[in-house]
Amino acid sequence: MSKLTKNQKVALSKIEAGKAYSLAEAVEKVKEVTYTKFDASLDIDVRLGVDPRKANQMVRGVVTLPHGTGKQVRVLVLCTPDAESAAKAAGADYVGLDEYIEKIKGGWTDVDVIITQPAIMGKIGALGRVLGPRGLMPNPKSGTVTTDVAKAVEEVKKGKIDFKVDKNGIVHSSIGKVSFTPEQMRDNAREFIATLIKLKPATAKGTYIKSIYLSSTMSLGVKVDTKSVEA
(Lines give C-alpha, C1' and ligand atoms only; values in the text may rest on other atoms or scores of the structure.)
Protein backbone atom coordinates (compact mmCIF):
# COMPACT_ATOMS: atom_id res chain seq x y z
CA MET A 1 0.00 0.00 0.00
CA SER A 2 1.36 3.41 -0.93
CA LYS A 3 2.01 5.89 1.83
CA LEU A 4 -0.36 8.79 2.32
CA THR A 5 0.95 12.19 1.36
CA LYS A 6 0.95 15.05 3.83
CA ASN A 7 -2.08 16.62 2.10
CA GLN A 8 -3.96 13.31 2.12
CA LYS A 9 -3.39 12.95 5.86
CA VAL A 10 -4.67 16.48 6.45
CA ALA A 11 -7.72 15.80 4.25
CA LEU A 12 -8.54 12.62 6.17
CA SER A 13 -8.40 14.52 9.44
CA LYS A 14 -11.00 16.99 8.18
CA ILE A 15 -13.63 14.44 7.16
CA GLU A 16 -15.40 12.37 9.80
CA ALA A 17 -15.61 8.76 8.63
CA GLY A 18 -19.16 7.61 7.93
CA LYS A 19 -20.72 11.01 8.54
CA ALA A 20 -23.26 12.41 6.10
CA TYR A 21 -22.89 16.17 5.89
CA SER A 22 -25.53 18.69 4.92
CA LEU A 23 -25.10 20.02 1.40
CA ALA A 24 -23.87 23.35 2.77
CA GLU A 25 -21.26 21.58 4.93
CA ALA A 26 -20.26 19.20 2.14
CA VAL A 27 -19.32 21.90 -0.36
CA GLU A 28 -17.21 23.59 2.31
CA LYS A 29 -15.49 20.27 3.06
CA VAL A 30 -14.72 19.72 -0.64
CA LYS A 31 -13.05 23.12 -0.75
CA GLU A 32 -11.07 22.31 2.39
CA VAL A 33 -9.71 18.98 1.14
CA THR A 34 -8.81 20.08 -2.39
CA TYR A 35 -5.07 20.64 -2.79
CA THR A 36 -4.60 20.61 -6.56
CA LYS A 37 -2.64 23.48 -8.05
CA PHE A 38 -5.21 23.80 -10.84
CA ASP A 39 -8.90 24.70 -10.63
CA ALA A 40 -10.35 21.27 -9.89
CA SER A 41 -13.74 20.13 -11.12
CA LEU A 42 -16.61 19.65 -8.66
CA ASP A 43 -18.01 16.15 -9.19
CA ILE A 44 -21.20 14.55 -7.96
CA ASP A 45 -22.01 10.84 -7.71
CA VAL A 46 -25.59 9.80 -7.03
CA ARG A 47 -26.55 6.17 -6.43
CA LEU A 48 -30.14 5.55 -7.53
CA GLY A 49 -32.57 2.83 -6.54
CA VAL A 50 -33.09 1.67 -10.12
CA ASP A 51 -32.15 -1.33 -12.23
CA PRO A 52 -30.54 0.08 -15.39
CA ARG A 53 -30.83 -3.34 -17.06
CA LYS A 54 -34.55 -2.69 -17.35
CA ALA A 55 -35.48 -0.25 -20.13
CA ASN A 56 -38.27 1.27 -18.02
CA GLN A 57 -35.80 2.15 -15.25
CA MET A 58 -33.16 3.84 -17.36
CA VAL A 59 -32.49 7.38 -16.11
CA ARG A 60 -31.11 9.79 -18.67
CA GLY A 61 -31.60 13.50 -19.10
CA VAL A 62 -30.21 16.98 -19.46
CA VAL A 63 -29.89 19.87 -17.03
CA THR A 64 -28.81 23.47 -17.37
CA LEU A 65 -26.73 24.35 -14.33
CA PRO A 66 -27.56 27.80 -12.89
CA HIS A 67 -23.89 28.80 -12.77
CA GLY A 68 -22.57 26.73 -15.67
CA THR A 69 -19.80 24.16 -15.47
CA GLY A 70 -16.87 26.56 -15.32
CA LYS A 71 -15.37 24.82 -18.33
CA GLN A 72 -14.70 26.15 -21.81
CA VAL A 73 -16.83 23.75 -23.83
CA ARG A 74 -15.64 23.14 -27.38
CA VAL A 75 -18.63 22.66 -29.67
CA LEU A 76 -18.67 21.21 -33.17
CA VAL A 77 -21.78 21.75 -35.28
CA LEU A 78 -22.32 19.45 -38.24
CA CYS A 79 -24.96 21.15 -40.36
CA THR A 80 -26.11 22.24 -43.78
CA PRO A 81 -24.59 25.45 -45.24
CA ASP A 82 -27.73 27.50 -44.55
CA ALA A 83 -27.36 26.95 -40.77
CA GLU A 84 -23.63 27.64 -40.53
CA SER A 85 -23.79 31.40 -39.92
CA ALA A 86 -26.33 31.02 -37.10
CA ALA A 87 -24.23 28.30 -35.45
CA LYS A 88 -21.10 30.47 -35.60
CA ALA A 89 -22.98 33.47 -34.22
CA ALA A 90 -24.20 31.34 -31.32
CA GLY A 91 -20.62 30.56 -30.35
CA ALA A 92 -19.82 27.22 -31.99
CA ASP A 93 -16.08 26.57 -32.14
CA TYR A 94 -16.21 24.47 -35.30
CA VAL A 95 -18.89 24.49 -37.99
CA GLY A 96 -19.08 22.46 -41.18
CA LEU A 97 -19.99 19.03 -42.45
CA ASP A 98 -18.09 16.81 -44.88
CA GLU A 99 -14.63 18.09 -43.96
CA TYR A 100 -15.25 17.38 -40.26
CA ILE A 101 -16.79 14.00 -40.97
CA GLU A 102 -13.58 13.05 -42.75
CA LYS A 103 -11.47 14.41 -39.87
CA ILE A 104 -13.46 12.33 -37.37
CA LYS A 105 -13.05 9.23 -39.53
CA GLY A 106 -9.33 9.90 -39.28
CA GLY A 107 -9.53 9.91 -35.47
CA TRP A 108 -10.02 13.62 -34.69
CA THR A 109 -12.26 14.14 -31.65
CA ASP A 110 -10.83 17.31 -30.14
CA VAL A 111 -14.25 18.61 -29.03
CA ASP A 112 -16.52 18.26 -26.01
CA VAL A 113 -19.95 18.31 -27.68
CA ILE A 114 -21.19 17.62 -31.20
CA ILE A 115 -24.48 19.11 -32.36
CA THR A 116 -26.21 18.23 -35.61
CA GLN A 117 -29.51 18.29 -37.49
CA PRO A 118 -31.91 15.34 -37.93
CA ALA A 119 -31.35 15.38 -41.69
CA ILE A 120 -27.60 14.94 -41.15
CA MET A 121 -27.77 11.88 -38.88
CA GLY A 122 -27.69 9.54 -41.85
CA LYS A 123 -24.28 10.89 -42.78
CA ILE A 124 -22.73 10.62 -39.32
CA GLY A 125 -24.24 7.30 -38.29
CA ALA A 126 -21.08 5.55 -39.48
CA LEU A 127 -19.06 7.63 -37.00
CA GLY A 128 -20.57 5.76 -34.05
CA ARG A 129 -17.49 3.60 -33.55
CA VAL A 130 -15.36 6.68 -33.07
CA LEU A 131 -17.81 8.94 -31.26
CA GLY A 132 -19.74 6.40 -29.20
CA PRO A 133 -16.93 5.31 -26.84
CA ARG A 134 -16.08 8.97 -26.22
CA GLY A 135 -19.66 9.97 -25.43
CA LEU A 136 -19.73 12.36 -28.39
CA MET A 137 -22.45 10.81 -30.55
CA PRO A 138 -25.31 13.31 -31.03
CA ASN A 139 -28.60 12.18 -29.53
CA PRO A 140 -32.10 13.70 -29.70
CA LYS A 141 -32.66 12.93 -26.00
CA SER A 142 -29.72 15.12 -25.02
CA GLY A 143 -30.78 17.91 -27.35
CA THR A 144 -27.76 17.54 -29.63
CA VAL A 145 -29.85 16.48 -32.63
CA THR A 146 -32.11 19.42 -33.41
CA THR A 147 -33.37 21.67 -36.17
CA ASP A 148 -32.37 24.72 -34.10
CA VAL A 149 -28.60 24.23 -33.83
CA ALA A 150 -27.99 27.83 -32.75
CA LYS A 151 -30.21 27.46 -29.68
CA ALA A 152 -28.53 24.15 -28.82
CA VAL A 153 -25.09 25.79 -28.99
CA GLU A 154 -26.21 28.62 -26.71
CA GLU A 155 -27.59 26.17 -24.14
CA VAL A 156 -24.42 24.09 -24.09
CA LYS A 157 -22.25 27.19 -23.71
CA LYS A 158 -24.42 28.35 -20.79
CA GLY A 159 -23.92 25.12 -18.87
CA LYS A 160 -26.28 22.50 -20.25
CA ILE A 161 -25.02 18.97 -19.62
CA ASP A 162 -26.44 15.52 -20.23
CA PHE A 163 -26.12 12.52 -17.94
CA LYS A 164 -26.99 8.86 -17.86
CA VAL A 165 -27.13 6.24 -15.12
CA ASP A 166 -24.41 3.62 -15.47
CA LYS A 167 -24.79 -0.15 -15.18
CA ASN A 168 -24.28 0.07 -11.41
CA GLY A 169 -27.13 2.51 -10.93
CA ILE A 170 -24.85 5.51 -10.41
CA VAL A 171 -25.07 8.90 -12.11
CA HIS A 172 -21.75 10.72 -12.24
CA SER A 173 -21.19 14.24 -13.52
CA SER A 174 -19.06 17.34 -13.14
CA ILE A 175 -21.22 20.21 -11.95
CA GLY A 176 -18.80 23.09 -11.59
CA LYS A 177 -15.40 24.11 -10.27
CA VAL A 178 -13.94 24.29 -6.78
CA SER A 179 -13.28 27.98 -7.43
CA PHE A 180 -17.05 28.56 -7.44
CA THR A 181 -18.53 30.14 -4.32
CA PRO A 182 -20.22 27.74 -1.87
CA GLU A 183 -23.57 29.20 -2.94
CA GLN A 184 -22.87 28.48 -6.62
CA MET A 185 -21.78 24.95 -5.79
CA ARG A 186 -24.95 24.34 -3.77
CA ASP A 187 -27.20 25.80 -6.46
CA ASN A 188 -25.71 23.57 -9.15
CA ALA A 189 -25.94 20.46 -6.95
CA ARG A 190 -29.56 21.18 -6.04
CA GLU A 191 -30.53 21.71 -9.68
CA PHE A 192 -28.84 18.45 -10.66
CA ILE A 193 -30.58 16.48 -7.90
CA ALA A 194 -33.95 18.13 -8.62
CA THR A 195 -33.67 17.04 -12.25
CA LEU A 196 -32.88 13.46 -11.22
CA ILE A 197 -35.94 13.43 -8.95
CA LYS A 198 -38.17 14.63 -11.80
CA LEU A 199 -36.87 11.75 -13.91
CA LYS A 200 -37.70 9.06 -11.34
CA PRO A 201 -39.12 6.09 -13.25
CA ALA A 202 -42.65 5.11 -12.26
CA THR A 203 -41.44 1.51 -11.91
CA ALA A 204 -38.68 2.37 -9.42
CA LYS A 205 -39.61 1.07 -5.98
CA GLY A 206 -38.20 1.82 -2.55
CA THR A 207 -35.62 4.52 -1.88
CA TYR A 208 -34.80 6.41 -5.08
CA ILE A 209 -31.88 8.62 -4.01
CA LYS A 210 -29.75 6.12 -2.09
CA SER A 211 -26.56 8.14 -1.63
CA ILE A 212 -24.85 11.31 -2.79
CA TYR A 213 -21.15 12.09 -2.73
CA LEU A 214 -19.35 15.28 -3.68
CA SER A 215 -15.67 15.40 -4.53
CA SER A 216 -13.17 17.35 -6.57
CA THR A 217 -10.48 16.16 -8.95
CA MET A 218 -8.20 13.86 -6.94
CA SER A 219 -9.90 14.63 -3.61
CA LEU A 220 -11.67 12.45 -1.08
CA GLY A 221 -15.40 11.99 -1.47
CA VAL A 222 -17.71 13.74 0.99
CA LYS A 223 -21.00 12.00 1.80
CA VAL A 224 -24.05 14.25 1.58
CA ASP A 225 -27.17 13.85 3.69
CA THR A 226 -29.79 13.19 0.99
CA LYS A 227 -32.49 14.95 3.02
CA SER A 228 -30.52 18.20 2.94
CA VAL A 229 -30.74 18.19 -0.86
CA GLU A 230 -34.20 16.76 -1.43
CA ALA A 231 -35.66 19.37 0.92
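Start with the whole chain on screen: about 12400 Å² of it is exposed, and carbon and sulfur atoms supply 50% of that area. Keep in mind that you're looking at a predicted model.

**Stop 1: the whole chain**

Zoom out and switch to cartoon view. You should be able to pick out 9 helices and 9 strands. Turn on the C-alpha atoms, and they fill a box of roughly 55 × 45 × 35 Å along the principal axes. Of the 231 residues here, 45% are buried. Now think about who touches whom: among contacts with a separation of 6 or more, 72% join residues 24 or more positions apart.

**Stop 2: the largest pocket**

Next, select Asp112, Val113, Gly135, Ile161 and Asp162. Of the 29 residues lining the largest pocket, these are the closest to its centre. The space in there comes to about 810 Å³. How do you find a space like that? Rolling a probe the size of a water molecule over the atoms shows where empty space is left.

Which elements give two or more residues to the lining? Colour β2 (60-64), β5 (113-116), α7 (149-158), β6 (160-164) and β7 (170-177), and you have them. The largest share, 5 residues, comes from β6. Try colouring the lining by class too: you'll get 11 nonpolar, 10 polar and 8 charged residues.

**Stop 3: helix α7**

Stay with α7, one of the elements in that lining, and select Val149, Ala150, Ala152, Val153 and Val156. These are the buried residues of the helix. Look down the axis: they cover an arc of only 160°, so they sit on the same side of α7. What covers them? Show β3 (75-78), α3 (81-89), β5 and β6, which are all part of the cover. Before moving on, click Gly159, just after α7, where phi is positive at about 125°.

**Stop 4: helix α4**

Now jump to α4, residues 98-105, and select Tyr100, Ile101 and Ile104, which are buried. Turn the helix until you're looking down its axis. The buried residues fall within an arc of 105°, so they line one face of α4. Which elements do they pack against? Show β3, β4 (94-96), β5, α5 (121-124) and α6 (128-131) to see these partners. Just after α4, click Gly107: its phi is positive, about 110°.

**Stop 5: Thr195**

Select Thr195, which you'll find in helix α8 (residues 182-198). Buried or exposed? Thr195 counts as buried because its relative accessibility is 11%, and the cut-off for buried is under 20%. Now show Val62, Val63 and Phe163 as sticks. Leaving out residues up to four places away in sequence, these are what Thr195 touches.

**Stop 6: Met218**

For the last stop, go to the loop between β8 (209-216) and β9 (222-224) and select Met218. Its backbone is worth a click: Met218 has a positive phi of about 70°, although it is not a glycine. Is this residue buried or exposed? With a relative accessible area of 73%, Met218 is exposed, as the cut-off for exposed is over 50%. Put Thr195 and Met218 on screen together to finish: Thr195 is buried in the model, whereas Met218 is exposed.

Technical notes. Residues are numbered from 1 along each chain as its sequence is written. This is a predicted model: local features need pLDDT of at least 70, side-chain atom pairs count only at pLDDT 80 or more; totals for chains, interfaces and linings use all residues. Side-chain values use heavy atoms; hydrogens and water are left out. On a 1 Å grid over the protein atoms alone, a cavity is a set of points where a 1.4 Å probe fits but cannot get out, and a pocket is an open set with protein on both sides within 12 Å along at least five of seven lines; lining residues have an atom within 4 Å of a point. Grid points are joined across faces, edges and corners, and a volume is the space filled by probe spheres set on the points. Helices (H or I, at least four residues) and strands (E, at least two) are DSSP runs, numbered from the N terminus. Ala, Val, Leu, Ile, Met, Phe, Trp, Tyr, Cys and Pro count as nonpolar, Asp, Glu, Lys and Arg as charged, and the others, Gly among them, as polar. Buried means under 20% relative accessible area, exposed over 50%, partly exposed in between (1.4 Å probe, protein chains only). The arc is that of the directions from the helix axis to the C-beta atoms. Contact means heavy atoms within 4.5 Å. Accessible areas come from the Shrake-Rupley method with a 1.4 Å probe; for residues, only the protein chains shown count as cover.
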